Amino acid sequence: MNQAEVHKLVSALRIKVAPKPLKLKKFGQPQSMVGADSDRYRLEICRTAVTSLIVNERLEMTKMMGMTIREYTERLIQEAITHGDTHVPTMNMVDWWLQDKSAIHKLFKVLVPRLKDQPHSYTRYFYSPIQASSNMHGALPTSKSYRDKVVVELVGHPFPSLHYSNTEPNKKMIHNVLLGEARREMRLQKEFDQRQVAEAKTLDSEVD
């Protein structure tokens, strides 16, 4: 089977996937006997975060971690929807990824029915505001302590919805205030012109 036919065996994810593994920051947890730079250590970190995302349905983390966890979670949910809880290889995979075994029940009995008809991705990805710190000015992008933060959440979660501030109009912003005043002046001018035309027609009818 050539490379063009691989999609027949593995379905494509509904999100854009990075061509190379993303570099994750070293963590003190989970405690592992393997080196902090090894692939196994990376997987241990990822499966802990995937379990937390399935259980809590919304997590805030660093940018690289968020992108990686989103990819693994999308694949896990997609396999659960495709094969169900009677497929042994899928159950073995889910059993390894989800350290909290109650999350396995939630995956198949709560998330699969909720997301099986979802036409787009099963997760959403948002950039968080700039990270705050003990420094009164916050951690700047040039600082070594700065980390871009993101929020990864499951579709249909019970929490208040997130959205970027520029997706909804804010009447108090200066450009919106100026545009509002311009629209108001245009409306008043149009009403004045209409009254002038109506009065002119009235005078013409009276003269006739």
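Begin by selecting Glu-191, which is partly exposed, with a relative accessible area of 31%; on the scale used here, buried means under 20% relative accessible area, exposed means over 50%, and partly exposed lies in between, with a 1.4 Å probe and protein chains only. Keep in mind that this is a predicted model, in which local features need pLDDT of at least 70 and side-chain atom pairs count only at pLDDT 80 or more, while totals for chains, interfaces and linings use all residues. Residues are numbered from 1 along each chain as its sequence is written, and side-chain values use heavy atoms, with hydrogens and water left out.

Next, add Arg-187, whose side chain meets that of Glu-191 in a salt bridge (3.5 Å, N to O), the term for a side-chain nitrogen of Lys or Arg within 4 Å of a carboxyl oxygen of Asp or Glu. Both residues lie in helix H5 (residues 174–207), four residues apart, about one turn of the helix; helices (H or I, at least four residues) and strands (E, at least two) are DSSP runs, numbered from the N terminus. Arg-187 is partly exposed as well, at a relative accessible area of 43%.

Move now to Arg-40, Glu-44 and Arg-47, which are joined into one network by salt bridges that share partners. Within it, the side chains of Arg-47 and Glu-44 meet at 3.3 Å, N to O, and these two residues, both in helix H1 (residues 39–56), are three residues apart, about one turn of the helix. Arg-47 and Glu-44 are both buried.

For a pair from distant parts of the chain, select Arg-58 and Glu-153, whose side chains form a salt bridge of 2.9 Å, N to O. Arg-58 belongs to strand S1 (residues 58–62) and Glu-153 to strand S3 (residues 149–154), 95 residues apart. Arg-58 counts as partly exposed at 23% relative accessibility, whereas Glu-153 is buried, with a relative accessible area of 2%. The structure holds 10 salt bridges.

Finish at the largest nonpolar core, which has 30 residues, those with the most contacts inside it being Ile-54, Ile-69, Leu-98 and Leu-107; such a core is a set of buried Ala, Val, Leu, Ile, Met, Phe, Trp, Tyr and Cys residues joined through side-chain atoms within 4.5 Å. Two or more residues come from each of H1, S1, helix H2 (63–83), helix H3 (88–97), helix H4 (102–115) and S3. Centre the view on Ile-54, which touches residues including Thr-73, Ile-77, Leu-98, Leu-107 and Leu-154, not counting residues up to four places away in sequence, where contact means heavy atoms within 4.5 Å.
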